[in-house]
Structures are given as C-alpha cells and as structure tokens.
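Subject: Structure handover

Hello,

Here is the structure for you to look at. My notes follow it.

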Amino acid sequence: MKIDEVDVYRRYMRPLRTKPFISIAIPASVVSDAKTLREQTLKVGSIGRAAAIFRVENIFIYRDPDTDADHVKFIQSILNYMEVPPYMKKIVVPITQELRYVGLLPPLKTPHHVPPEIFDTQYREGIVISRSESKCLIELGLDKKGVMRGRCPSVNTRVTVEIVHEDGRYYYVEIVDRESLDIYWGYRVQSISSLKEMLDLVYKNGYLIIVASKKGKPLYYLENYIVDDFRNKHNVLVVFGGPYLDVDEIAINEGIDIDKYANYIVNFVPRQGVENIRTEEAIVATLSILNYIKEKYINK
C-alpha cells in the first residue's frame, strides 16, 4: 500500500470494534416461509453475512408462536457454523443432516477467518491439538502451528490468541480475551425461549432497545434522540419480527406490552415499495442506517 492508502484504510476501512455494540434479535419463525432445507439454509446464511458486514456482536434467536425448539436449533447451528473459521470447521463442527447445504453459504471473511495480514492484526483463532505439562500446540490455519507455554486449555478447546513472535518452526502465542480486542471478531449466538425472556434479559443489562417495524415512526423523527442515546449506551439491541407477525403482534401473543421495553419503535424504510419486507432484507436496511449513524456521529 502507498502511504495515503494506508491512512485511508486505518481511518475508514479497518473494522474496529466500537461502542455502542450492536446486537440483533430474530424470531425462530424467520425460516418458516422457506419451504426446503436448502432455502432455509440460504436465508439464515444471508442473515449471518449481514451481521458480519455490520459488525454485529450478538445474535439472539427467540421463539415465537408456531415455532419449536427445532427451528431455534437449526438457525443457531447454521449461524454458529458460519462463525467458525474455515480451517477449524472440520474439527469443531460435526456435519449433521441440518448442515447438509452449508456448502452454499457465503463465507464471512471476517478478521478471524482470513490471513492476519489482510486486516493488519496479530490476533488469531486457534484450537488446541495437543498439550503437555509445560506447553501446548495450537492449530492456527497458517503455515506453522502455534505454541503456547505454561498452563494450557484442554485439547480441542477453541482459543483466541495473539501471535507474539515466531521462528522457523512455530508461532509463539498467548491467549487473549476476545472482549478486549479493538477489531471486530465475529458474532456470538444465543437462543432464548421467548420474546419476553429476551427483552427482560437485555433490559436488565442496560441495552438500548430498538424495534424495527413498519408501524413505527420514520427514522427522521427520531434520529437526533437515537444519536444522543448512542453516545451514552454501550449496547444496542435491534429487534426484528418474522414473516407473518410483527414484533408488537408477537408481544401481544405473549401478553406483554412492547412499549414498556422498547426505547424506540422505528420505521427504517418509510414508503416501502413492496407489501412486505423480509426479515433478512430488513436487517440489511436497518443495520446499514445504524452503521451510518455510528460512523458519522459517534466514531468519526
């Protein structure tokens, strides 16, 4: 890279992990309008890809009416499979029937999936492949294995490491806390038994809660208020509905008032040109706008 290109990259292209951290919540019914396993896999894949593009920290999957534990398990399995670096998949993820079509999924190519030099980082995901009393050997998906000295995790444990130095045979690494990284390191997936349980959890943890709905106020009425809250909150959750029920309708079925939880109910696509926007489409539209707000007002 030329000097000016390096400056542009560091200022605008490096996927920094910045506050407020954005999370999304999707209902298990998100796949209910896809009739085949192949279609369901591709639908979930587009959600995982969008989450990675816009640096989503957590994806919550909540059960809604007419869904069961199998729907949740399927979505979680696909999203977790996508998040695992390619060189670790065969070790970490056993192929099951529900993963039959994962070969069609788009690769995430996030910083923890690609060679470290692409995003100019010394961090890496690895898996412990052997250990002794004084050191362990770690698969890093690179030209050499990693070695860590001292107390080691169990074999087959996934770890986040920093490459400290190297010689002709090994990279020498130390375990780091992924929460301390300044670069985006993928999403985590959590399943929850109901919308209410999920809202109770994030509300208790101080999240700013935004419901994306065509019944909400257009963003331009709320933008200044949301910007102010973005400056003061560490975590933001955006809640999406499903193919057949909006978030407020799911809430009514569960006997709760969504207004008691949501800080904002926002229409991110006013005057939409189609009858219904699919959940995976709404996620892209919403996150692109929130990313713009973060970059313009918070992280510039």
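Let me start with the open sheet. Six strands form it, in the order β8-β2-β1-β10-β9-β11, and their pairing is parallel. The edge positions go to β8 (188-192) and β11. Each of these two has a single partner strand, so one side of each is left without a neighbour in the sheet. On average, neighbouring strands here are turned by 30° against each other, direction ignored. Please keep in mind that this is a predicted model.

One pairing inside that sheet is worth a look. Strand β1 (residues 21-27) runs parallel to strand β10 (residues 235-239), and five bridges link them. Ile-24 has Val-238 of β10 as its bridge partner. As background, strands of a sheet pair through backbone hydrogen bonds, either parallel or antiparallel.

Next, the barrel. Five strands close it, running β3-β4-β5-β7-β6, and the pairing is mixed. Neighbouring strands of the barrel are turned by 55° against each other on average, again with direction ignored. Within it, β6 (residues 158-166) and β7 (residues 170-175) run antiparallel and are joined by five bridges. There, His-165 stands opposite Tyr-172 in β7.

Now the pockets.

The largest pocket holds about 550 Å³ of space. It is lined by 28 residues. Closest to its centre are Lys-214, Gly-242, Asp-246, Asn-276 and Ile-277. Three elements give two or more residues to this lining: β9 (208-218), β11 (264-267) and α8 (279-298). Both β9 and β11 also belong to the open sheet described above. By class, the lining splits into 11 nonpolar, eight polar and nine charged residues.

The second largest pocket has a volume of about 430 Å³. Its lining counts 21 residues. Met-13, Arg-14, Pro-15, Leu-16 and Arg-55 are the closest to the centre. At least two lining residues each come from α1 (3-13), α2 (37-53) and α8. Helix α8 thus appears in this lining and in that of the largest pocket. The class split for the second largest pocket is 10 nonpolar, four polar and seven charged.

Which residues does Gln-40 contact, beyond its neighbours within four places in sequence? They are Val-31, Ala-34 and Phe-74. Gln-40 is in helix α2, one of the elements that line the second largest pocket. A polar atom of the Gln-40 side chain lies 3.2 Å from the backbone oxygen of Ala-34.

Two backbone details may matter when you inspect the geometry. Most residues other than glycine have a negative phi, and most peptide bonds are trans. The peptide bond between Lys-19 and Pro-20 is cis, with omega at about -5°. Pro-20 sits in the loop between α1 and β1. The other case is Asp-66. Its phi is near 65°, a positive value in a residue other than glycine. Asp-66 is part of the loop between β2 (58-62) and α3 (69-83).

That covers the sheet, the barrel, the pockets and the local details.

Best regards

How values were computed: Residues are numbered from 1 along each chain as its sequence is written. This is a predicted model: local features need pLDDT of at least 70, side-chain atom pairs count only at pLDDT 80 or more; totals for chains, interfaces and linings use all residues. Side-chain values use heavy atoms; hydrogens and water are left out. On a 1 Å grid over the protein atoms alone, a cavity is a set of points where a 1.4 Å probe fits but cannot get out, and a pocket is an open set with protein on both sides within 12 Å along at least five of seven lines; lining residues have an atom within 4 Å of a point. Grid points are joined across faces, edges and corners, and a volume is the space filled by probe spheres set on the points. Helices (H or I, at least four residues) and strands (E, at least two) are DSSP runs, numbered from the N terminus. Ala, Val, Leu, Ile, Met, Phe, Trp, Tyr, Cys and Pro count as nonpolar, Asp, Glu, Lys and Arg as charged, and the others, Gly among them, as polar. A polar contact is a pair of N or O atoms within 3.5 Å; within protein, one must be able to donate a hydrogen and the other to accept it, and residues adjacent in sequence count only if both atoms are side-chain atoms. Contact means heavy atoms within 4.5 Å. Two strands pair if DSSP finds at least two bridges between them. Axes are lines fitted to C-alpha atoms, for helices over the stretch in contact, and angles run from 0 to 180 degrees between N-to-C directions.
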